[in-house]
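User: I'm new to this one and would like a friendly walk through it. Could you put it up so we can look at it together?

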Amino acid sequence: MITARDVTFRYGGTGFRLRVPEFVLQNQERVAIVGPSGSGKTTLLNLIAGILTPETGLIDVAGTNVATLSDAQRRRFRASTIGFVFQDFALLDYLSARQNILYPYRITPALTLTAEARERAEALAVSCGIGDKLDRHPSALSQGEQQRVAICRALVTQPKLILSDEATGNLDPESKARILDLLFEQASQAGAAVLAVTHDHELLPRFERVLDFAQFREEADA
Ligand code: ADP
Ligand code: MG
């Protein structure tokens with residue numbers, strides 16, 4: 001699903017430098033990323049999603065070298081292939097929770113908003129415990145509820161790759177486990193791979209592999 005090789009990246013004007021000699025995620029594999037704050041976990045997800053472009057190296061996602069796409073192609077590719085739960089949710093407050101969940105359909109001509117998609121949005125929201133809050137706008141939702149809206153939005157298009165950046169961070173322990181169940185259940189149904197940054201160590205045994213980013217960077221720097 002993902003092959004990254006000899007990838008380097010730096011933000012302009014900062015000392016931070018990410019170097020990934022090799023990272024591979026198999027189809028349908030479930031991998032957790034752990035590591036200290038500021039170690040580049042979010043940066044790596046953004047590189048994989050094509051939101052950032054590496055300085056050097058190759059990032060292949062589902063058979064496509066993301067860096068070779070035009071901006072428009074990359075947006076289309078991302079919308080049809082990847083579900084991304086952002087660390088800061090990235091919800092739009094002028095839209096209701098329902099409209100936020102269905103947002104990928106609004107911005108992607110290749111995705112058609114069918115009755116089935118609407119039903120899927122509704123069912124996901126119910127599973128996440130926000131079925132009765134779909135008409136509210138994000139500012140009228142708690143952090144945890146906003147997070148669940150972001151999760152529903154990432155899953156509604158049935159992507160082949162789910163990238164999740166601390167998606168359970170603002171939830172209570174019971175909700176964390178339930179949300180992860182939902183994420184994995186949706187991934188199974190869609191045959192999707194999951195790459196999830198998490199600080200919830202109690203959830204790690206549920207992943208097939210855990211990538212410690214601190215260690216990863218040490219190796220990279222060696
Ligand atoms: P993590 O997700 O592991 O906490 P990030 O990938 O967000 O880490 O950040 C890695 C490093 O890059 C940090 O030192 C952070 O301050 C820096 N950084 C993140 N985003 C930007 C940006 N847009 N511009 C400049 N530096 C950034
Ligand atoms: Mg981060």
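User: Where is Gln158 found?

Analyst: A quick word on the ground rules: this is a predicted model, where local features need pLDDT of at least 70, side-chain atom pairs count only at pLDDT 80 or more, and totals for chains, interfaces and linings use all residues. Residues are numbered from 1 along each chain as its sequence is written, chains are lettered from A and ligands numbered from 1 in the order in which they are written, and side-chain values use heavy atoms, with hydrogens and water left out. Helices (H or I, at least four residues) and strands (E, at least two) are DSSP runs, numbered from the N terminus. With those names in hand, Gln158 sits in the loop between H6 and E7.

User: Is Gln158 buried, partly exposed or exposed?

Analyst: Buried means under 20% relative accessible area, exposed over 50%, and partly exposed in between (1.4 Å probe, protein chains only). Gln158 also has a positive phi, near 50°, in a residue other than glycine. Its relative accessible area is 38%, so Gln158 is partly exposed.

User: And Glu166, is it buried or exposed?

Analyst: Glu166 has a positive phi of about 55° although it is not a glycine. The loop that holds Glu166 runs between E7 and H7. Its relative accessibility is 17%, so Glu166 counts as buried.

User: How many helices and strands does the protein have, and why would I call it a compact globule?

Analyst: The radius of gyration is taken over C-alpha atoms, and the globule rule is 2.2 Å times the number of residues to the power 0.38. For 222 residues a compact globule would come out near 17 Å, and the protein has 17 Å, so the two agree. Buried residues make up 52% of the 222 residues. As for the elements, there are eight helices and nine strands.

User: What share of the contacts with a separation of 6 or more joins residues 24 or more positions apart?

Analyst: Contact here means heavy atoms within 4.5 Å. One pair far apart along the chain is Asn46 and Phe84: they are 38 residues apart, with C-alpha atoms separated by 9.3 Å. Asn46 touches Phe84, and also Ile51, Leu52 and Phe86, not counting residues up to four places away in sequence. Over the whole protein, residues 24 or more positions apart account for 72% of those contacts.

User: How far apart are the end C-alpha atoms of H7?

Analyst: The expected span of a helix is 1.5 Å times one less than its number of residues. Helix H7 (residues 173-190) has 18 residues and should therefore span 26 Å. After H7 comes Gly191, with a positive phi near 65°. The end C-alpha atoms of H7 agree with the expected span, at 26 Å.

User: Which elements do the buried residues of H7 pack against?

Analyst: The buried residues of H7 include Ile179, Leu183 and Gln186. Gln186 is buried because its relative accessible area is 13%, and Gln186 touches Leu124 and Leu155, not counting residues up to four places away in sequence. The buried residues of H7 pack against strand E3 (30-34), helix H5 (115-127), helix H6 (143-155), strand E7 (161-165) and strand E8 (193-197).

User: How many residues of H6 are buried?

Analyst: What covers the buried residues of H6 includes E6, helix H3 (97-101), H4, H5, E7 and H7. Among those buried residues are Arg148, Cys152 and Leu155. H6 is mostly covered, with buried residues numbering 12 of its 13.

User: Which helix gives the largest share of the lining of the largest pocket?

Analyst: On a 1 Å grid over the protein atoms alone, a cavity is a set of points where a 1.4 Å probe fits but cannot get out, while a pocket is an open set with protein on both sides within 12 Å along at least five of seven lines; lining residues have an atom within 4 Å of a point. Grid points are joined across faces, edges and corners, and a volume is the space filled by probe spheres set on the points. The largest pocket has about 490 Å³ and is lined by 20 residues, with Arg78, Ala79, Tyr103, Pro104 and Ile107 nearest its centre. The largest share, five residues, comes from H2.

User: How many cavities of 30 Å³ or more are there, and which helix gives the largest share of the lining of the largest one?

Analyst: The count is three cavities of 30 Å³ or more, and the largest has a volume of about 80 Å³. Its lining includes Glu166, Ile179 and Leu183. The largest share of that lining, three residues, comes from H7.
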